[in-house]
Amino acid sequence: MEREEMPVDVLFVGAGPANLAGAIRLMNLINEHNEAVGEGRKEGEVYDEPMIAVLEKGSRVGAHQLSGAVLDPKALDELFPEWRTFDDFPVERFIERDEMVFLTNGGAMKAPWVPPEMNNMGKPIISLGRFCEWLAEKAEEMGVMIFPGFAGDQILWDGDTVIGVRTGDKGVGPDGQPRDNFEPGMDLTSPVTIIGEGPRGHLARQVIHKRKLDAGKNPMVYEIGCKEILELPAGSVKESFAVHGLGYPLDMKTFGGWFMYSMGGDKVCLGLLIALDAKDPNMDCHKELQKLKLHPYIKGVVGEGKVIKYGAKSVTIGGWGSVPKLSTDGAMLVGDSASFLNPFRVKGIHLSMKTGMLAAETAFQAMVSGDASDSTLKAYQAAVENSWVGKEMDHSKNFHANFEGGIISGMIKTGMQYLFGPGSSIKPFSADYAHMKQLKDFYKSGPQLEDKLEYDGKYIMRKLDSVFLSGTMHDEHQPAHLLIEDTEICATKCLEEFGNPCTKFCPAQVYNMVENEESGRLEMQVDFSNCVHCKTCDIRDPYQIIKWVPPQGGEGPEWGIM
Ligand code: SF4
């Protein structure tokens, strides 16, 4: 098959905050270099028309971006020191009330004190999708080429060196055969490939696995976050607030928390995060989010609202101990793909942006020297470690491990480390899926009582109604992008031992056990067109037999202002 090949100088995979900030930083460096060479202050080649490309699997930049999000503007201040004066900066609101609240079954307690690192006063609340659109516009104005609608399908290797990325074929039928509209994927080749695909990146995993970049590291671990945007009656959201919370609806053994931020107009976003190492095989973040909205404290704020948007995403929470080696010959890892999120502050956009910018600085060194082997690219690792990213991540390095024994002991250990420092060693922890308990062990005293939720399609949502609000779309005439190695395990062992947990934890009801009309037994049906690309199944499945691969580029959720 003939494939188009496109050589570029530097290839960024994923148009998230890490790579867009990186592409802008790289263009700044190229422009400064060209100016200095032109004025005779520096020797070297002038890069007249540098080919800097960004691939994005969503239909447009921002379509697959979802976060809270309160932005720590530290990296943005470095990239655009004047951003506060820009008329087109997409801020929802600047925070005027910042609180932390603990919910009991029916009550709420405001925390009397929060650590300064968690102080959000004055920070901008953003829609990550709109923020990435804005960054993409800035990058394109500088000459960066952005290709939305192209999913990176495989890494191109020359031996052990990454030489680019092949995008996925389009127009392949469910039987794997080309259809009339078949378009072969393209080979984008580059001396330097910067991978920033978000959490549990498909290509990042290929590179980490082949080059053993995670040797001696903790596994990457995650939370699932489900988020809704509610529209309230006109004039009801009078102030700008960010509230972070713990407690209800989660028990004291399950790590997680919720957030509620005012957005532009009369909109409020509400989200719940639950660690994917939750022991309960019936953990269902979407359902818990619906329960959260029935709590009197939350209902008092958004109870008059109507849900207008929904999304779900996995969030990396392993911290510093889960960050793999960041470079190999021809490639670097940035942002969530390399576990850059501070789990203590539940913030990662600023860290992602800065890692993208540091990777761009190293990529520029590789352009100038003509050497993109790891002997040049490993400078990126040192730059991260010596930057404020390294210091911030180091301070919270044992946060996840602290909570393995439950919330109370986790808070005590975290408090001690906050006061006396985190120590020099990184505590080990195991992968999320290994923590799930079998039904008989978790529900020793009998089966869990079904929560009775009264769905109204306006405030309390069924999963499929929520999926509709996520704007998710996949052509059904293509191979499923969720590969189950052995569906016999679903119908037998998993049903008996865990009760098919994917039918609960999937926030988009992709997995359904359906009665086989002939045999009468329950068998797995995968409705892949509902998938919102959160990767939870790939991470939490207790048998590790589910693999998420990218569907055709340009498909999946359309998160708009999420
Ligand atoms: Fe998330 Fe997997 Fe469900 Fe898709 S199928 S929404 S990746 S849990």
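This is a short selection tour of a predicted model, from the ligand shell to a set of salt bridges and one buried histidine.

**Stop 1: the ligand**

Select the ligand and the residues around it. The shell holds 13 residues. Those that come nearest are C506, C531, C534, K535 and C537. Now colour the shell by class. Eleven residues are nonpolar, one is polar and one is charged.

**Stop 2: the salt bridges**

Next, turn to charged pairs. How many salt bridges are there? The count comes to 28. Three pairs and one network follow.

**Stop 3: D77 and R84**

Select D77 and R84. Their closest N and O atoms are 3.3 Å apart, and the pair forms a salt bridge. Is R84 buried or exposed? R84 counts as exposed, because its relative accessibility is 53% and the cut-off for exposed is over 50%. D77 is partly exposed, with a relative accessible area of 30%.

**Stop 4: K463 and D284**

Move to K463 and D284. This salt bridge has its closest N and O atoms 3.4 Å apart. K463 lies in helix α14, residues 463-469. D284 sits in the loop between β18 (267-275) and α5 (285-292). The two residues are 179 apart in sequence, so the pair ties together distant stretches of numbering. Check burial on both sides. K463 is buried at 9% relative accessible area. D284 counts as buried too, at 10%.

**Stop 5: H286**

Stay in this area and select H286, which lies in helix α5. Its relative accessible area is 3%, so H286 is buried. Which residues does H286 touch, leaving out those up to four places away in sequence? Show C226, Y310, M461, R462, K463 and S466. K463 is thus on two lists: it is a contact of H286 and the salt-bridge partner of D284.

**Stop 6: E392 and R345**

Select E392 and R345. Their side chains meet in a salt bridge, 3.0 Å from N to O. The pair links distant parts of the chain, 47 residues apart. E392 is in helix α10, residues 388-395. R345 is in the loop between β21 (331-333) and α7 (349-369). Is R345 buried or exposed? R345 is buried, with a relative accessible area of 11%. E392 counts as buried at 13%.

**Stop 7: a network**

Finish with R97, E99, K110 and E239. Select the four together. Salt bridges that share partners join them into one network.

Note on methods:
Residues are numbered from 1 along each chain as its sequence is written. This is a predicted model: local features need pLDDT of at least 70, side-chain atom pairs count only at pLDDT 80 or more; totals for chains, interfaces and linings use all residues. Side-chain values use heavy atoms; hydrogens and water are left out. A residue is near a molecule or strand if one of its heavy atoms lies within 4 Å of it. Ala, Val, Leu, Ile, Met, Phe, Trp, Tyr, Cys and Pro count as nonpolar, Asp, Glu, Lys and Arg as charged, and the others, Gly among them, as polar. A salt bridge is a side-chain nitrogen of Lys or Arg within 4 Å of a carboxyl oxygen of Asp or Glu. Buried means under 20% relative accessible area, exposed over 50%, partly exposed in between (1.4 Å probe, protein chains only). Helices (H or I, at least four residues) and strands (E, at least two) are DSSP runs, numbered from the N terminus. Contact means heavy atoms within 4.5 Å.
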